[in-house]
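The following exercises concern a single protein chain. Each task is followed by a solution in steps.

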Amino acid sequence: MLELNQQKLHELEAKCTKEQPPAAMAACPLHVDCREICRAAAVSDFSKARELYEKNAVFPGILSHLCEEPCQSACIRKEHGDPVSLRLLECAAQAYGSLKKKRTFLSKRAEKAAIVGAGLTGLAAALELGKKGYSVTVLEQARRPGGFLLTERRLPREILEKDLERLKEYKIEIHTLNRVDHIETLTAQYDAVLLAWGLHTPPVHADTVAFTADKDKLFAAGDAVKSRSGTIPDAISEGRRAAISMDRYLKKVSLTAGRDAEGAFRTTLHVTGKEAESLNSCLSSGLPSKEEAVQEASRCLECTCTDCIDACAFMRRYKAWPKKYLREVYNNLAIAMGTRHANKMINSCSLCGQCASVCPHGLDLGQVIQAARNIMVSQNKMPSSAFEFALNDLTFSNSEHCFLVKPDPENARPSYVYFPGCQLGASAPETVWQSYNDLRSRLPGGTGIILGCCGIMAKWAGRGDIYEETVLQLKTAWESLGCPEVITACPACLTSLSEAVSQMHCTGIWEILHTIGLPGTAHTGNVSLRIHDACQARNSPRIREQVRHLARSMGCSVSEGLYTGESSGCCGYGGLTQFSNPSLADEMAGQCVSDSDSAFLTYCINCRDRFLRQGAEAYHILELIYPSSYEEHRWPSYSVRQQNRMYLKRRLSKELWGEHTKGEMPLKLFYDSETADLLEKRMILERDICSVIEAAEKTRERIRDAQSGLYIAHKKVGNVTFWVWYLPREDGYEIRRGYAHRMEIKGDM
């Protein structure tokens, strides 16, 4: 089982690149947020764009006039035209946007810092330290601060003066005509000293991350550590980063921790592929107009990774991405007392593995959520109501009502045993009947049958105890037949049984039919079908290809959807989403059927059923091979599914082995379509209704509504209390309404 500790959490979080910066932003040493600036400018919100720009620019006027634009060489847009001209957009933001003056409360620090050199690096460092509350003294041997900026023709003097005005807001003193000959004097007088002079002296050796020099209290950055001048954004960035080191030094904390992403770096962001129109920039070298700036900003591709979000309805429902979900799951598990708000989210994932398939780094959120469910159950943090209905359905499938273990009628030790799974028998019992008889007639050595559930629903629910009991029940049944080869009709059963019982040799019916050929009953004729791959076949290309081969052998024309093969989406049944979050399950199924008007071909009966419920035309591959009546080709209610399982056992037992079994509903019930929909929505079964009415009629504990004549009765079954509004008839009972809740009813009626 996956262990969810802090170390594992961080390993998994590192795989999600959604929060990583775009390549252009990472290439900028100051990490100016190009994506958000473009997003704001594209809707003419130049004030927002200006706020975003000046947050990291330090000296916004200087930077927007002189920046060498390292972002352009990294901009993804250049693959589809010119890169976005961010520098001119920054100019537009300053020209057309306004800033609201914000009140800031500065912390006051007793320590003093000195900076040698009033060039860009030194001034950037001074400003950063001033913002942190330090008293800063800048020593400059020239007449004025600014270094080479004083002679830069591209920079208007008023822009320089405006940016330098920022220094006056803090405790920063600049002493010009002040030559420093003895560093030791400064280190004795100040708590930290930064060397940021120009190229006129030999480079000072300093650490490239912490900017520490070879003496205590001493730091060096900018041209002081270079043999040739760097870029404008590099100079500003190094000054700010050196100030961060000085601050950490004075606070006596690590100078290097968490600084991997400072300065320019290579982002790990995977950019979701987009069909971008090739567009070139319309800007010249001057200040763009508002309209031109909007047009330029609109060319931004807004680089981000949304592969899993685009593919998965679950990701979109809770409006987050894997890294955020991981943190929510971890925090939810850590709660000792109080409300666990992430329970609903944890119980809504389909666990299908699609996210791992579409993620460029293979992050499987479903694996983490499965582990979380296991932990929640083991710590009694899982609400009993979460998956109770599904688990009860599993129990019913493997009860005396439905469970069946039989050898071949003519061979007590068959070579094969057919395990169609609980869902195929529930939805298409005639298909199971025909497919079993076909296998019996054409496979040598005889074919037995086991009707039941593989237990995967218990595994999804985090109930390892029930899963192990189910596996043991099936293993015992299989051994009683002499351990024959198991033929499954469900990819989930194939996976579950193969993993749970290592000695059990399992084969899919599609592989058997691929080998022995199609029966004479198989459909013929050209039909166009959109195939939908089962989640449990995601890692089984052999299964996927065999199903396609069978379809083509029947003359079907098979097309592929947007998400197919390894990236196929879940229909909403996987992970028990259908029971824990029905509306989300409908969204999942809706997405699966949204990209085609053709009929769908599935080889998971749950996919077929859920697609039919969405109003799409869908067929299970075995329906085409073993055609049955129209009545079977529809979405079966939960009650009908249970009745079909009992019917299938009765038919097989009677017609092949001459045995009679029980399984009829004890009472005859009547209700209209509106009531049927209500019962289905509330997951109320006919056998639960029968249980309530039987108890009420026997004990006479019921209420009669004088106005309508209806009887109202209730009974607690397990953790659920059922209420039924009914009217006795000569031939049974008419049901008008049903309700279910989880609360204890006390007192006499």
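**Exercise 1. The chain as a whole**

What percentage of the 749 residues of the chain count as buried? Describe also the overall dimensions, the contacts and the charges.

Solution. The model is a predicted one.

Step 1. Of the 749 residues, 54% count as buried.

Step 2. The radius of gyration of the chain is 35 Å, whereas a compact globule of 749 residues would have one near 27 Å. The C-alpha trace spans about 110 × 65 × 50 Å along its principal axes.

Step 3. The secondary structure comprises 33 helices and 19 strands. When contacts between residues at least 6 apart in sequence are considered, 72% of them join residues at least 24 apart.

Step 4. The exposed area of the chain is about 34500 Å², and carbon and sulfur atoms supply 49% of it. The chain has 93 positive and 91 negative charges, and the mean positions of these two sets are 4 Å apart.

**Exercise 2. Two helices and their buried faces**

Determine which residues of helices α1 and α32 are buried, and against which elements they pack.

Solution.

Step 1. Helix α1 covers residues 6-13, and its buried residues are Leu9, Leu12 and Glu13. Viewed down the axis of α1, these buried residues fall within an arc of 100°, so they line one face of the helix.

Step 2. The packing partners of the buried residues of α1 are α15 (322-334) and α18 (365-378).

Step 3. In helix α32, residues 673-681, the buried positions are Thr675, Leu679 and Glu680. Because the buried residues of α32 fall within an arc of 140° when seen down the axis, they line one face of that helix.

Step 4. Ser673, Glu674, Asp677 and Lys681 are exposed, on the face of α32 turned away from its buried side. The buried residues of α32 pack against two helices, α31 (638-657) and α33 (686-699), and against the strand β19 (732-741).

**Exercise 3. Two residues at 0% accessibility**

Locate glutamate 296 and alanine 224, and list their contacts beyond four places in sequence.

Solution.

Step 1. Glutamate 296 belongs to helix α12 (residues 290-297). Buried means under 20% relative accessible area; glutamate 296, at 0%, therefore counts as buried.

Step 2. Apart from neighbours within four places in sequence, glutamate 296 contacts Pro83, Val84, Ser85 and Leu89, together with Ser281, Cys282 and Leu283.

Step 3. Alanine 224 is placed in the loop between β5 (218-220) and α11 (232-251). With a relative accessible area of 0%, alanine 224 is also buried.

Step 4. Again leaving aside neighbours within four places in sequence, alanine 224 is in contact with Leu195, Ala196, Trp197, Gly198, Pro202, Pro203 and Val204. Histidine 200 is 24 residues from alanine 224 in sequence, and their C-alpha atoms are 8.7 Å apart.

**Exercise 4. Positive phi outside glycine**

Give the phi angle, location and exposure class of serine 44 and of glutamate 302.

Solution.

Step 1. Serine 44 is not a glycine, yet its phi is positive, at about 65°. Serine 44 sits in the loop between α3 (34-41) and α4 (46-57).

Step 2. The relative accessible area of serine 44 is 45%, so this residue is partly exposed.

Step 3. Glutamate 302, likewise not a glycine, has a positive phi of about 50°. The loop between α12 and α13 (307-311) contains glutamate 302.

Step 4. At 30% relative accessibility, glutamate 302 is classed as partly exposed.

Conventions:
Residues numbered from 1 in each chain as written. Predicted model: local features only at pLDDT ≥ 70, side-chain atom pairs only at ≥ 80, totals over all residues. Heavy atoms only, no water. Rg over C-alpha atoms; globule rule 2.2 N^0.38 Å. Buried < 20%, exposed > 50% of the residue type's maximum accessible area, 1.4 Å probe, protein only. Contact = heavy atoms within 4.5 Å. Areas by Shrake-Rupley, 256 points an atom, 1.4 Å probe, with all protein chains shown as cover. Lys, Arg positive; Asp, Glu negative; His and termini not counted. Charge placed at Lys NZ, Arg CZ, Asp CG, Glu CD. Arc of directions from axis to C-beta.
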